[in-house]
Every structure is written in structure tokens, then in C-alpha cells.
Amino acid sequence: MRDKKGITLITLIITIVVVLILAGIILNVTLEESGLLKRTRVSKKEYENAENKEKAELEQITNLLDNYIGNDNNIEKLTADIISFTPQNLEWNVKNVKEALDYLYNK
């Protein structure tokens, strides 16, 4: 058996491991040079900031609603100015909450 020439299984495994390590290093260097990893980190941070801002605004509105709904005397004080949003449509032109709701649900 020892006289036969060829690649042993251990040699093959070691070669594959070395090639994978080199491929990983080359891929990492390529991604760093292209700036893809940096842009990914920046995008992730922007997403997290936007998510935190949205959560804070939602919590604020929820607290306002809880305060107004919890006290029946204050229910008439709840106005559209308290609950505000930025419309996506540039043709947005409504005068009161009823028109806004009609617009949103009929479009």
C-alpha cells in the first residue's frame, strides 16, 4: 500500500481549508476596499435611528391618547394638531379630520 502514489484524504482536507481561508481573506479585503461594509454599517445605523425615532413618536402619541381617552372631560380637546403626520401625496389638501379620514380611506 505504501508504494502507491496519490493524494491522501488528510492532504486534500488541508488544501481545502487553506483555500477557504485565503478566499475569506480576499473577500474581506475586497469588500473593505469597495466601501460596501462601511456603507452597510452606515445604513444599519440610519435604520436604527429612524426606528428609534418612530418608536418615540408612537409612544408620545399613545401617551397623549391615553391621557385624553382616560378622562372623559378632555375628549373634546383632542384635535388633529395633536395627532399629526406627513402625507405622501403632494396634492394633499384637506381642512379637517373628517376630510382627512375620508381621503385616506377612499384612496
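This report walks through the fold, the surface and the charged side chains of a predicted model.

## Overall fold

Let's start with the backbone. The chain has 3 helices and 0 strands, and reading along the sequence gives the pattern α-α-α. One of these elements, helix 2, covers residues 36-70.

## Burial and surface

How much of the chain is buried? Of its 107 residues, buried ones account for just 3%. As for the accessible surface, the chain shows about 10,300 Å², and carbon and sulfur atoms supply 59% of that area.

## The salt bridge

The structure has 1 salt bridge. Its partners are arginine 41 and glutamate 32, whose side chains come together at 3.6 Å, N to O. That pair counts as a salt bridge because the N to O distance falls within the 4 Å cut-off.

And how well covered are the two partners? Arginine 41 sits at 52% relative accessibility, so it counts as exposed, the cut-off being over 50%. Glutamate 32 has a relative accessible area of 42%, which makes it partly exposed.

## A negative patch

Which residues form the negative surface patch? Glu48, Glu51, Glu54 and Glu57 do.

Take Glu51 as one of them: this residue lies in helix 2. Its relative accessible area is 31%, so glutamate 51 is partly exposed. That value also fits its place in the patch, because patch residues need over 30% relative accessible area.

Definitions and conventions: Residues are numbered from 1 along each chain as its sequence is written. This is a predicted model: local features need pLDDT of at least 70, side-chain atom pairs count only at pLDDT 80 or more; totals for chains, interfaces and linings use all residues. Side-chain values use heavy atoms; hydrogens and water are left out. Buried means under 20% relative accessible area, exposed over 50%, partly exposed in between (1.4 Å probe, protein chains only). Patches are made of residues with over 30% relative accessible area and no salt bridge: like charges are joined within 9 Å, nonpolar side chains (Val, Leu, Ile, Met, Phe, Trp, Tyr) within 5 Å. Accessible areas come from the Shrake-Rupley method with a 1.4 Å probe; for residues, only the protein chains shown count as cover. Lys and Arg count as positive and Asp and Glu as negative; His and the chain ends are not counted. The place of a charge is taken as NZ of Lys, CZ of Arg, CG of Asp or CD of Glu. Helices (H or I, at least four residues) and strands (E, at least two) are DSSP runs, numbered from the N terminus.
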